[in-house]
Amino acid sequence: MKKILFLSLFIIAFSCSNKKEIPQVVEIACGQCQFSLDSQAGCDLAVRIGDEAYFVDGFDIDAFGDAHDQHTGFCEVIRKAEVSGIVKKGRFKASAIKLVDALE
């Protein structure tokens, strides 16, 4: 009986610590300019998942073009992207970002 209980607890603990990255469509923009994040200075990439915004680790704000472009820049407009990653310690650890809106 103790072996079954121990094995069950081990499986539960392992499954809770193994967070799967599920691709989802989110809003993406400059955290400071568009999402009013103020925990760091300058312009930095952020995503908004539901009602919460998180700075992104793993991708630079200029990786998708000029962040200050009037029509497509993350400091000027909020865009949509399909992202994969996890929220850890108040930041979004991104493994993939693909823009899905049709801004030009």
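Which residue's side chain does arginine 91 meet in a salt bridge? Let me start from that contact, with the reminder that everything I show today comes from a predicted model. The partner is aspartate 57, and the N to O distance between the two side chains is 2.7 Å. Arginine 91 sits in strand E5, which covers residues 91-99, while aspartate 57 belongs to strand E3, residues 52-57, so this pair ties together parts of the chain that are 34 residues apart in sequence.

If you look at how accessible the two ends of that contact are, arginine 91 comes out at 23% relative accessibility and is therefore classed as partly exposed, and aspartate 57, at 22%, is likewise counted as partly exposed. Aspartate 57 also meets the side chain of lysine 93 in a salt bridge, here with an N to O distance of 2.6 Å. Since aspartate 57 is in E3 and lysine 93 is in E5, this second pair ties together parts that are 36 residues apart in sequence. Lysine 93 has a relative accessible area of 31%, which puts this residue in the partly exposed class as well. Taken together, Asp57, Arg91 and Lys93 are linked in a network of salt bridges.

The search over the whole structure finds four salt bridges, and I would like to take you through one that involves another pair of residues, arginine 79 and aspartate 101, whose side chains meet with an N to O distance of 2.9 Å. Arginine 79 lies in strand E4, residues 79-88, and aspartate 101 lies in the segment after E5, so the pair ties together parts that are 22 residues apart in sequence. Is arginine 79 buried or exposed? With a relative accessibility of 7%, arginine 79 counts as buried, whereas aspartate 101, at 22%, counts as partly exposed. As general background, side chains of opposite charge can pair when their charged atoms come close.

Now to the strands that carry these residues. Five strands make up a closed barrel, running in the order E1-E2-E3-E5-E4, and the pairing within the barrel is mixed. Averaged over neighbouring strands of this sheet, and with direction ignored, the strands are turned by 55° against each other. Strand E1, residues 24-30, pairs with E4 in the antiparallel sense over five bridges, and within that pairing isoleucine 28 stands opposite arginine 79 in E4, the arginine that I have just described in its salt bridge with aspartate 101.

E4 is also paired with E5, again in the antiparallel sense, and this pairing runs over eight bridges. Two of the facing positions can be named: valine 83 has isoleucine 97 in E5 as its bridge partner, and valine 87 has phenylalanine 92 in E5. E4 and E5 form a hairpin with two residues between them. Lysine 89, which is in the turn of this hairpin, has a positive phi of about 55°, although this residue is not a glycine. At 78% relative accessibility, lysine 89 counts as exposed.

There is a further backbone angle of this kind to point out, at serine 36, where phi is positive at about 60° although the residue is not a glycine. Serine 36 is placed in the loop between E1 and strand E2, the latter covering 45-49, and with a relative accessible area of 63% serine 36 is exposed.

Finally, the aromatic side chains. How many aromatic pairs does a search of the whole structure find? The search finds two. In one of them, the ring centres of phenylalanine 64 and phenylalanine 74 are 5.8 Å apart and the ring planes stand at 75°, so the pair is edge-to-face. Both phenylalanine 64 and phenylalanine 74 lie in the loop between E3 and E4, so the pair ties together parts that are 10 residues apart in sequence. Phenylalanine 64 is partly exposed, with a relative accessible area of 25%, whereas phenylalanine 74, with a relative accessible area of 3%, is buried. Ring pairs link Phe59, Phe64 and Phe74 into a cluster.

To close where I began, the contact between arginine 91 and aspartate 57 is a salt bridge, and these two residues belong, together with Lys93, to a network of salt bridges.

Definitions and conventions:
Residues numbered from 1 in each chain as written. Predicted model: local features only at pLDDT ≥ 70, side-chain atom pairs only at ≥ 80, totals over all residues. Heavy atoms only, no water. Helix = DSSP H or I, 4+ residues; strand = E, 2+ residues; numbered from the N terminus. Buried < 20%, exposed > 50% of the residue type's maximum accessible area, 1.4 Å probe, protein only. Pairing = 2+ DSSP bridges. Axes fitted to C-alpha atoms, helices over the stretch in contact; angles between N-to-C directions. Phe/Tyr/Trp six-rings, centres within 6.5 Å; stacked < 30°, edge-to-face > 60°.
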